[in-house]
Amino acid sequence: MLIRNAETRDGRIEDLRIEGDSIAAMGSNLRTAPGEIVLDAVGCALLPGLHDHHVHLMALATSLDSLPCGPPQVATAEDLERRLRERAALPADQDEWIRGIGYHESVAGEIDRAWLDRVVPSRPVRIQHRSGRLWIVNSPGLARLVPGAEPATASPPGLATGRLYDADQWLHQRLGGRPPSLHRVSHLLASLGVTGVTDATARNSLEEFRHFVDATTRGELLQRVVVMGDASLDGAADAGLVRRGPTKLYLRESDLPSSEELCASIARSHAAGRPVAVHCVTETEVVFAISALAATGSRPGDRIEHASVAPPDVVSLLAGQGLTVVTQPNFVRERGDAYLTDVPAREQPWLYRGRGFLEAGIPMAAGTDAPLGDPNPWLAMQAAVDRRTMSGRTIGLAEALSPEEALALFGGDSLAPGGPLSRIARGSTADLCLLDRPWSTARSDLAAVRVNATVQRGRLIWQSA
Ligand SMILES: [Zn+2]
């Protein structure tokens with residue numbers, strides 16, 4: 001393949017020849033070889049393919065078939081009721097679940113089973129809260145999950161109200177079924193210039209690892225995948241595009257393990273040659289994780305996922321332990337309006353920080369956390385730059401990054417995130433994305449960027465019509 005007239009990052013216009021899976025030549029006026037695919041970039045920016053450092057592929061695949069139930073798509077109770085009724089009226093098997101995602105109390109308060117029964121009495125409905133921790137299920141749904149049980153007495157607690165907290169594993173067992181196809185997700189990510197992802201799902205085991213290997217072998221999933229997950233992945237061997245990632249440790253302030261337990265998990269992971277990735281959204285969680293890592297000793301690649309609230313003393317602790325932060329600037333945009341209402345004013349400057357982490361020398365990368373966040377990394381980058389919420393207000397403007405810094409968050413080494421964007425050079429692997437405009441134009445509004453073509457290991461996996 002020959003890419004002509006591409007703007008490489010130092011602003012030069014060059015031609016690139018790709019042979020096999022790598023860049024064989026760069027220069028001006030490269031001659032077309034017989035039978036070669038030629039792509040004319042007409043001066044638009046050619047960048048390394050993006051890597052989403054924190055995403056949940058299977059959940060994203062499922063969410064593409066799900067009904068949005070919260071902001072920004074749905075803002076009011078009437079709107080939610082209308083959408084649910086419309087979905088329930090579509091021709092479908094009466095036993096087929098209606099699955100909603102992204103619910104937030106700002107829409108209709110603390111809705112429960114009775115609320116859902118009133119809107120959709122006849123088909124099973126389950127709606128996920130946007131925190132990912134709560135499912136709200138109606139009576140037909142509960143009857144499917146626990147046939148014949150008396151809701152008030154059966155476990156897990158919450159069956160009576162239909163509000164099931166932290167019941168993912170329980171639901172997963174009861175719903176069963178085959179893992180979703182990753183074809184649509186992969187195509188969507190390719191259209192956004194994403195050539196690699198890190199799947200950050202805590203319950204990923206060898207079974208999911210094999211599913212990712214099979215999906216890439218079949219060509220259903222085109223991106224490289226770093227698979228985080230549980231201790232069973234200690235025994236997983238890298239295969240093709242799929243690599244074993246850190247152990248994902250999920251902390252919850254309301255139900256923290258003992259520090260001995262956390263230290264033992266970290267030590268086990270390190271002994272297996274795997275870094276850890278600790279989910280921390282509250283200040284307590286992040287301090288707890290750092291102190292465990294200080295006790296066991298941290299190793300390169302150890303990371304804190306989210307670090308959503310990081311006041312100055314937390315930033316010093318993170319820097320002192322040499323930890324990487326994987327952040328979600330898209331939450332500034334997507335959830336910022338709720339943060340401005342719900343988060344105390346003195347904590348707002350410490351939310352999803354950017355500049356503060358960089359100045360402290362903390363390696364920082366980003367992931368969209370899709371489907372909990374929008375999978376479009378360009379929207380996330382723009383939010384890292386302008387710190388704007390959906391309604392146009394700003395949060396933590398002092399944390400704003402330059403467009404180049406924001407771009408680098410979605411690049412670098414997938415197993416050692418937080419480094420600089422990789423360079424496009426002769427001999428490097430041809431994971432590339434071609435924008436629809438030069439960088440000088442793109443950098444002023446990253447949210448407006450469209451991707452014209454995406455190349456993964458020398459193969460064109462996306463081209464705009
Ligand atoms: Zn996540």
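## Burial and the zinc site

Buried here means under 20% relative accessible area. With that cut-off in hand, take D369: its relative accessibility is 5%, so D369 counts as buried. H54 is buried too, with a relative accessible area of 0%. Keep in mind that this is a predicted model.

Both residues belong to the zinc site. The ion has H54 (NE2), H56 (NE2) and D369 (OD) as its protein donors, at 2.1 to 2.2 Å. Written along the sequence, the donor spacing reads H-x1-H-x312-D. That pattern brings distant parts of the chain together: H54 sits in strand β6 (residues 50-55), while D369 is 315 residues away, in the loop between β18 (364-366) and α14 (377-386).

## Overall build

The protein has 16 helices and 21 strands. Its radius of gyration is 23 Å, close to the 23 Å from the globule rule for 465 residues, so the protein is as compact as a globular protein of that length. Measuring tape along the principal axes would give the C-alpha trace a span of about 75 × 55 × 45 Å.

Buried residues account for 53% of the 465 residues. As for contacts, take those between residues at least 6 apart in sequence: 73% of them join residues at least 24 apart.

## A four-stranded sheet

One piece to look at is an open sheet of 4 strands, ordered β3-β2-β1-β4, with mixed pairing. Its edge strands, each paired on one side only, are β3 (22-27) and β4 (38-40). From one strand to the next, the twist averages 25 degrees.

Strand β1 shows where the mix comes from. β1 (residues 2-7) runs antiparallel to β2 (residues 13-19), with 4 bridges joining the two, whereas β1 and β4 pair in the parallel sense over 3 bridges. L2 takes part in both pairings: its bridge partner is R17 in β2 and V38 in β4. Further along, A6 has E14 as its bridge partner in β2. Of the 6 residues of β1, 5 are buried, so this strand is largely enclosed by the rest of the structure.

## Nonpolar cores

The largest nonpolar core holds 73 residues, and L57, I304, L318, F357, W378 and L435 have the most contacts inside it. Helix α10 (residues 283-296) gives the most to this core, with 6 residues.

I304 is a handy place to start exploring. Leaving out residues up to four places away in sequence, I304 touches V278, C280, V286, A289, L293, L318, L323, T324, V325 and V326. A separate core of 17 residues lies apart from the largest one, and includes Y103, V107, V120 and I136.

## A loop residue: A447

A447 lies in the loop between α16 (439-442) and β20 (451-456). Its relative accessibility is 24%, so A447 counts as partly exposed.

Which residues does A447 touch, not counting those up to four places away in sequence? They are W378, L379 and Q382. W378 also appears among the residues with the most contacts inside the largest nonpolar core. For a sense of distance, A447 and G148 are 299 residues apart in sequence and 50 Å apart in space, C-alpha to C-alpha.

How values were computed. Residues are numbered from 1 along each chain as its sequence is written. This is a predicted model: local features need pLDDT of at least 70, side-chain atom pairs count only at pLDDT 80 or more; totals for chains, interfaces and linings use all residues. Side-chain values use heavy atoms; hydrogens and water are left out. Donors are N, O and S atoms within 2.8 Å of the metal (3.2 Å for Na, K and Ca); water is not among the atoms, so sites may look incomplete. Buried means under 20% relative accessible area, exposed over 50%, partly exposed in between (1.4 Å probe, protein chains only). Two strands pair if DSSP finds at least two bridges between them. Axes are lines fitted to C-alpha atoms, for helices over the stretch in contact, and angles run from 0 to 180 degrees between N-to-C directions. A nonpolar core is a set of buried Ala, Val, Leu, Ile, Met, Phe, Trp, Tyr and Cys residues joined through side-chain atoms within 4.5 Å. Contact means heavy atoms within 4.5 Å. The radius of gyration is taken over C-alpha atoms; the globule rule is 2.2 Å times the number of residues to the power 0.38.
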